Amino acid sequence: MKGDLLPAAVADALENEMNVKDYERTIFLKKPEKKDIRTQRCFPKNSEPELYLLGLALAVLFVALGAGIYTGALASLITKFSEPCLFHRLTGLYCPGCGGTRAVYALFRGQIARACFYYPAVPYFAALYLIFMVTQTLEWSTKGKIPGLRYQNLYLYVGLLLLLGNWVVKNAVVILFHVQVMG
């Protein structure tokens, strides 16, 4: 009869001879646990298989992009349809994304030093992508005997630092020396 009138959890508490006030104190007044942002992940644990499948899909895109850059077919499209950076045109400073397209183009041409100059986050993430894909393939093919690279937020933080550092340095050169770094 009690279960018909009360919620099931309260009825269970009464059956176990637990005081209702104690029950409310433990369940309803319990403070939520604080999560440490340093230990939180941007992706759920064990998300490497999904990231690996995404990486395989991106590999197809990268091959097509690389072929277009290598043959020169993509260069004419980029110059024809790309708009100049509005932020750069209005302020004379570089936006945080300035140099990204040039870095990708240089990287596919094998000019790694030039890609690092234009936008260091591009070669960093490209190397991270290659390492992740190779180690995950090895882990899959050896059925876990060779462990693959595991996702860590640190990889994103390093990329963010590269992006911000690149932006600050290039704009410092523009402001202090009045030199357009990327022409």
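A residue counts as exposed when its relative accessible area is over 50%. Trp140 meets this cut-off, because its relative accessible area is 67%. This aromatic residue belongs to helix H9, and the model in which it is seen is a predicted one. Along the chain, Trp140 and Pro49 are 91 residues apart, yet their C-alpha atoms are separated by 9.5 Å.

A look at the overall fold helps to place this residue. The protein contains 10 helices and 0 strands, and its pattern along the sequence reads α-α-α-α-α-α-α-α-α-α. Of the 183 residues, 24% are buried. The surface exposed by the protein comes to about 13,600 Å², with 68% of that area supplied by carbon and sulfur atoms. Contacts across the sequence are well represented too: among those with a separation of 6 or more, 56% join residues 24 or more positions apart.

Helix H4, which spans residues 48–71, offers a good place to follow the packing, starting with its partner H9, residues 121–141. The axes of H4 and H9 come within 10 Å and cross at roughly 120°. An angle over 115 degrees but not over 145 falls outside the perpendicular and antiparallel ranges, and H4 and H9 are therefore oblique to each other. The crossing of H4 past H9 is left-handed. On the H4 side, the contact is formed by Glu48, Leu51, Tyr52, Gly55, Leu56, Leu58, Ala59 and Phe62, which meet Tyr129, Phe132, Met133, Gln136 and Thr137 of H9. Sorted by class, the residues where H4 touches H9 are 9 nonpolar, 3 polar and 1 charged.

H4 also packs against helix H7, residues 100–108, at an angle of about 85° and with the two axes 9 Å apart. H4 and H7 are therefore roughly perpendicular to each other. Here H4 contributes Phe62, Leu65, Gly66 and Ile69, while H7 contributes Val104, Tyr105 and Phe108. This contact of H4 with H7 comprises 6 nonpolar residues, 1 polar residue and no charged ones. Phe62 of H4 takes part in the contact with H9 and in the contact with H7.

Two residues draw attention through their backbone geometry. Lys143 is not a glycine, but its phi is positive, at about 55°. Lys143 sits in the loop between H9 and helix H10, the latter covering 153–177, and is exposed, with a relative accessible area of 76%. His178 likewise has a positive phi, near 55°, in a residue other than glycine. The segment after H10 is where His178 is placed, and with a relative accessible area of 69% this residue is exposed.

Within H10 itself, Val174 provides a contrasting environment. Residues under 20% relative accessible area count as buried, and Val174 is buried because its value is 9%. Leaving aside residues up to four places away in sequence, Val174 touches Gly92, Leu93, Tyr94, Val179 and Gln180. For one of these partners, Leu93, the C-alpha to C-alpha distance from Val174 is 7.0 Å, although the two residues are 81 residues apart in sequence.

Conventions:
Residues numbered from 1 in each chain as written. Predicted model: local features only at pLDDT ≥ 70, side-chain atom pairs only at ≥ 80, totals over all residues. Heavy atoms only, no water. Axes fitted to C-alpha atoms, helices over the stretch in contact; angles between N-to-C directions. Helix = DSSP H or I, 4+ residues; strand = E, 2+ residues; numbered from the N terminus. Parallel < 35°, antiparallel > 145°, perpendicular 65-115°, else oblique. Left-handed = near helix turned anticlockwise from the far one by under 90°. Contact = heavy atoms within 4.5 Å. Nonpolar A, V, L, I, M, F, W, Y, C, P; charged D, E, K, R; others polar. Buried < 20%, exposed > 50% of the residue type's maximum accessible area, 1.4 Å probe, protein only. Areas by Shrake-Rupley, 256 points an atom, 1.4 Å probe, with all protein chains shown as cover.
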